[in-house]
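This briefing walks through strand pairing, ring contacts and charged contacts in one protein. Keep the viewer open while reading.

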Amino acid sequence: MQTQKLNRLYRAGRICLLSAVALLSLGSCRDDIQEPKKSTHEQTPQIPLENYIGKVDIALEATLEPMPDQGGRSLNFTLMDRTKRIGVDGKTVPAGTDYAGEVSPRMYLTEGSTTSGFLLFYHDSGQVLRKAVDFEVIEGVKKADGTIDPKAKNRVQFVGNIDFPATMTLKDEFNKTTNSEVSVYTGRIPSTNTTKKSGWHVMAMIGYQESTTYHPGGQDAAAGTAENRLLLGYSLDPQYRTSGSDSYAIANGAGGEVLLNAPCASAWMPLYITKAPSTPPAPGEAPKEPAVTGVNLDLHFKPQGVILQYDVAGLSTDVQDIRCVGLVSNVLDFEGYYDLNEASIKAGYLSKDDDGYGLPNWVPNTPSMDNLSMNYAPKTDAPLSSGDRVFPWDMPTLSSSSSPKLANWGKAGTHPWSVDQASVLSVYPLGDNSPDVTMRPSSYPWLTTKKLWTFYIMGGKYTEDSRWNAYKILYFWGMPRTTDRMPAADKRATYLFASSHSLMTDEDAYDAGENGFDTWAYRNLVNEAIEAYNDLLERKRVADAQTDSEEKKKKEKEYEAYKKYYETNEGSNPYRNYFPGAVIPALQPALQRLGTLIQAANRTSITPRTQPLMVLHQTNRTFPERKIYHAQTVIPQDLMLSEVIYQKHDGKNYSLLEVYNTSIEPIDLEKYAIVRLIPSTDGSHLAFRDKDGQPVESLDQALVLPLTALKGKADPFEGSALISFKQTGYSYDDPTKRAIPIYYNPYTFTTTLDGRWSGTYGYNKLVDNGGNHPDRSLCILGGQSILLGGSGYVNTPVMNTTSSDKVLNLLDENSWFKPLHGLLKANFDKYYLRYAYAYADGVKGSDGNFGEGTLDYRPGDAFALVKATETGWQIVDATGPIGTKQLAFSGTYATFKTEMNKVQTAESFSLQRLDGVNHPFIAPYRTKRLDLTKWSDDWNILTDLSKFTPGRRFDYAGWEHTFTDFTYAIRRSPIDTQFTTYQNARPTKGY
C-alpha cells in the first residue's frame, strides 16, 4: 500500500554516526506470545573477539548524536503462516484451533545491515551514561540476498567508543582491586586473557520512532526543549509525517512486510572487562600496556508494549473505500516516550525484576478523545431487539465533531458513554490518484472523476476488468497502562473503528485533480528530500570529523554549498513542476497540502452510502502480557430491504418486497422474517400488524412471516430460527397453496464455495438440497435479491404452473404483468434475482381465497426485517420509521406520511432505496440525517414502471457486475478467548 511505501521512504535514512568501543553481542529480539525456546540454529560466523581485544583505544571520544530529524528506527516484520510461525518457536497449535488463512508477524533484521539504537550504562556509584549507536546485524531472519530464514535469530553487535567519565573508565575499573576476576565466554575470550567484573552495567534499546538530542543535564539544562527522549508513535518534526500515528502498519497477507514501531529493550547485564597479557616490547621500544575491552555476550532484547493484529474483511458487494482506521482505548497508550534522563535510567536499573529488566520511565502523551464521542442505543429503544445485544448491534455509535456535513453529528446520542482517560490512534492513510493504483477508469467505468483518490479498497463484485480485495491486516502498537492509570474493570475497552465510503457515484468519489496535487510526484519528492537530508547529514559528519584545520574548512565549505543548493536552487527538485521550490523547502507545503486533502477526503463526500465511523471490534482486555494479539473482524454486511413495489389490479394486491444480500457471501434465510408496519390507532406512528390486521406495539404480538414459509411446508415456521414468533392458535390451513412462484426457472448454473459454505450451489434454486450443506438449504448468494409477493399472486396467479418449480406460460401476454415480467427475466438471467415467490399468510375465506396478510402492502405501510441472534432477535432494517421513537428510518413519520399521501390513489409505484446503501439507519451505523430538507436521505418514490428495478439492486450507469466463482475464508472472533466472557464483561453490558 501507499502508506507502507511512504513509511519506508521516510524511515529509510540510516546514518552511521558513531564508531566503536565496547564490544557487545546482543541476542535475538523476541516478538511472540511467550519466550521462545533456545534455538539450536547454527550461528553466522563472527569476527573473532581477539581481533578487537587490545586493539581498540577506549580513550577515544565519540560525541556525535542523532539529529532530531533523522529517519525513524522502526522494526521490520515479515508475515508468515501463523501455524508455521508457532512451530518455529518450538510450540504447537492448541487442539481444536484452526489458524487456516491467518498470518503472524515475525520480526526481522537484515543480515549485514546496521540498525540504530541506544546503549544505557549504569555504575554502582549511581553514574549514568547514554549513547546513540549503530548495531551491526551479524545474523538476521532476512538474509543479505533478501531470502527469509524464519528459524534464524536476529543478532546484533556493537564495537565502538564510549566516553566513560574520568576515574570510571574501563581501565580504572580493571585496575580496581575490589573487582574480582571471572571466567566467562569460554572459547570466545582467549584463555590467556584476564577478565574481571566492573561497576558498570549495560542495557540496549532499538525499535523506537525518533530520538531527541542528548543533554547530560537533561531538561533542567534546556528548559522548554525536549531532551533525552525515545519517541514512540509520533514525531517532533513532522516533515515526512502523513498519518495520525507512526505506530501503525498494514499488510495484505503471507509474504508481505510491515514496518512498525515496536521498541525492544534488553535486560541490565554486567559489563565485564578483559585484557590480554603484556608482551615484551621490541628492541628499542618502550613497554606498552595492552588496552582493555568491555564485553557482554548475553544481552537479550524483549519487545515492550503489545501489537494488536486485526484481520479485517470487507464483505460488501459494492466497492468500499476505507479512508480512515483507528483505535480508541482506555487501557493502552499509542504515543509517548521513554525518558532517558539520568534519574529515569537510574530508577529503571534500581527497579529491575528478577530477570534483570528495568526500563526507563515511560511517559505517555496526554490522552484525548480527539473530538470523538460514543453513544449506545439503550434497551429503551425497544422494539428493535430482545436479549443481549450481539455484534454488530452491541457496538457504540462513534461520532466526530470533525464531520460538519452530518447534521448534529458531533452531539451526544441517546445514551452517551464516556471512555475514561481514552486515547485515540487515528490513521488517515495516504490516498493515491495514480491510474495504475486506482485502476480508474477500468475498475470504475461508471465514475467520471478525473483524478480519483482511493485509500484502502475493499469488497465489491467488480466489472470484468477489475479486482476484488477481500481483507486487510492492520497492525497497531500500544503500551499497556500502569495500574494507577487503569480504569475500573467495568469501564475498560479498546475499540477498532473504520470509515467506509461507497464508490457508487461521483458524489461518493474524492477528486483531488482540480488542485493539481499528484501523489506519485509527492512520493518521489519525499524520496528526493530524504536523500538531500541524508547527504547533508553525512557531509556535516565528515566535516566535523576532520582534525586537519584546512581539510575541515574545505569540507565545511562543501557542506554549506550543498545546503544552499538543496534549500534555494529549484534545480535540486525534479518535481518542481508539481511542487515549486528547492527540494527541501518544497516538501513542507506539499506535506501540509496532503494533510489537508486527506482530512478533506474523510470530512466531505459523505453520502447516504457512507459510514463515516463504524466500530468493528471491542474488547475489555488489559493486555497484561507482552505479546501479539490476533482478532478477526469484518465490516459487517447483512440482508436489507431495498425496494417495495406496490401493485393493485382488479382489487387484488400484487405488491413485491425486495430483499437484497449486501454481502459477497451466502446468507442463511432461515434466520430471517418479515413483519408489516401499519398506522397506529391514533395515527401518530407506525406499529406492527397483528394476525387480525390491527396495530400492536410489541413484536411478540405481531403476525410475523418467516422466510422458511417459502418452502411451502405445512408449518411455515418449520426450520425457522424465529419459531418463538409463531402465534398460538393461528391456522395456516391449506399450506401447499399458500406459496407459489412468481418467476422461477430451474437453471443449473452453479458456483462452488469454500470455507464455512463449502459446496456447490445453484444460482436460482429456491431450496438447495446438496449433500455438502444440508443445514443451509435455504440461502441467498452474495449480491443477489429475492422478491416476496402478496396474496394476489396466490389467489389469482399471473401464470399457470404444473409444479411448484416451473413456469409454463403467462395468462395474458398483454397484461399489466408483461412489462414487469420482462424486468424479472432480465435480472434473473444475469443472476441478480435468485427467485420471486409469493406467500399468503392471511386467513382463508369461505371462497377459498386467502385474506390480507403480511406481504399485502398498502400505501402508507412499511416492512421490517427481523433476524434471529444468539440471544434473541434484532430488527435489522425497515422501510419506514418504527414505533413512537420513529427508529430505523432516515426520516420522520410526518414527512413519510406526507410523501405516501401523494401516491395513495396510484395503482403502482416503487419505493426504492438509493443504490449503494449497504447499512441500515440503525445504531451503531449512521443515525444522523444528511439533508433535513428531504423526506428521507436514502429512499425515493418512483411511479414510472420503466424505472422499477425488481431483483436488481445496483446500477453502475449501465455497467454490469460479474458473478463468478470465488473462494474465501472469512472468520470473526473477539480478542478475548471465550465469547461468553467477552459478552458478559464488555462495557456495553446492559445497554
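Two strands pair if DSSP finds at least two bridges between them. Strand β21 (residues 332-333) and β29 are joined by 2 bridges, so they meet that cut-off. The model is predicted. The protein has 991 residues, of which 58% count as buried. Its secondary structure comes to 12 helices and 53 strands. Among contacts between residues at least 6 apart in sequence, 77% join residues at least 24 apart.

**Strand β29 and its partners**

- Strand β29 covers residues 471-480, and 8 of its 10 residues are buried, so the rest of the structure largely encloses this strand.
- Strand β21 runs antiparallel to β29. In this pairing, Leu 332 stands opposite Pro 480 of β29.
- Strand β11 (residues 248-251) also pairs with β29 in the antiparallel sense, over 4 bridges. Here Ile 250 has Leu 474 of β29 as its bridge partner.
- Strand β18 (residues 306-314) pairs with β29 over 8 bridges, again in the antiparallel sense. Tyr 310 stands opposite Leu 474 in β29.
- Leu 474 therefore serves as a reference point for two pairings: it is the bridge partner of Ile 250, and it stands opposite Tyr 310, with pairing defined by DSSP bridges.
- In a regular strand the side chains alternate between the two faces of the sheet.

**A buried histidine**

- Is His 630 buried or exposed? His 630 is buried, because its relative accessible area is 12%, and the cut-off for buried is under 20%.
- His 630 belongs to strand β33 (residues 628-635).
- Its side chain makes a polar contact with the side chain of Gln 309, at 3.3 Å.

**Aromatic pairs and clusters**

- The structure holds 29 aromatic pairs.
- One of them joins Phe 121 and Trp 200 in an edge-to-face arrangement, with 6.4 Å between centres and 90° between planes.
- This pair links distant parts of the chain. Phe 121 is in strand β4 (residues 114-123), Trp 200 is in strand β8 (residues 200-206), and they are 79 residues apart.
- Both Phe 121 and Trp 200 are buried.
- Which residues form one aromatic cluster? They are Tyr 646, Tyr 857, Phe 863 and Phe 909.

**Charges over rings**

- The charged end of Lys 302 sits over the ring of Tyr 357, at 4.3 Å from the ring centre.
- Arg 539 lies over the face of Tyr 562, and the distance to the ring centre is 3.5 Å.

**Salt bridges around Asp 734**

- The structure holds 27 salt bridges.
- Asp 734 forms a salt bridge with Lys 737, with 3.9 Å between the closest N and O atoms.
- Asp 734 also forms a salt bridge with Lys 844, where the closest N and O atoms are 2.6 Å apart.
- The Asp 734 and Lys 844 pair ties together parts that are 110 residues apart in sequence, because Asp 734 lies in the loop between β41 (704-706) and β42 (739-743), and Lys 844 in the loop between β49 (833-839) and β50 (862-868).
- Lys 737 counts as exposed because its relative accessibility is 54%, and the cut-off for exposed is over 50%.
- Asp 734 counts as partly exposed, at 22% relative accessibility.
- Lys 844 is partly exposed as well, with a relative accessible area of 31%.

**The salt-bridge network at Glu 852**

- Arg 676, Glu 852, Arg 858 and Asp 861 are linked in a network of salt bridges.
- Within this network, the side chains of Arg 858 and Glu 852 meet at 2.6 Å, N to O.
- Arg 858 counts as partly exposed, at 46% relative accessibility.
- Glu 852 is also partly exposed, with a relative accessible area of 31%.

Conventions: Residues numbered from 1 in each chain as written. Predicted model: local features only at pLDDT ≥ 70, side-chain atom pairs only at ≥ 80, totals over all residues. Heavy atoms only, no water. Phe/Tyr/Trp six-rings, centres within 6.5 Å; stacked < 30°, edge-to-face > 60°. Buried < 20%, exposed > 50% of the residue type's maximum accessible area, 1.4 Å probe, protein only. Lys NZ or Arg CZ within 6 Å of the ring centre and 35° of its normal. Polar contact = N/O pair within 3.5 Å; in protein donor to acceptor, adjacent residues only side chain to side chain. Salt bridge = Lys/Arg side-chain N within 4 Å of Asp/Glu carboxyl O. Contact = heavy atoms within 4.5 Å.
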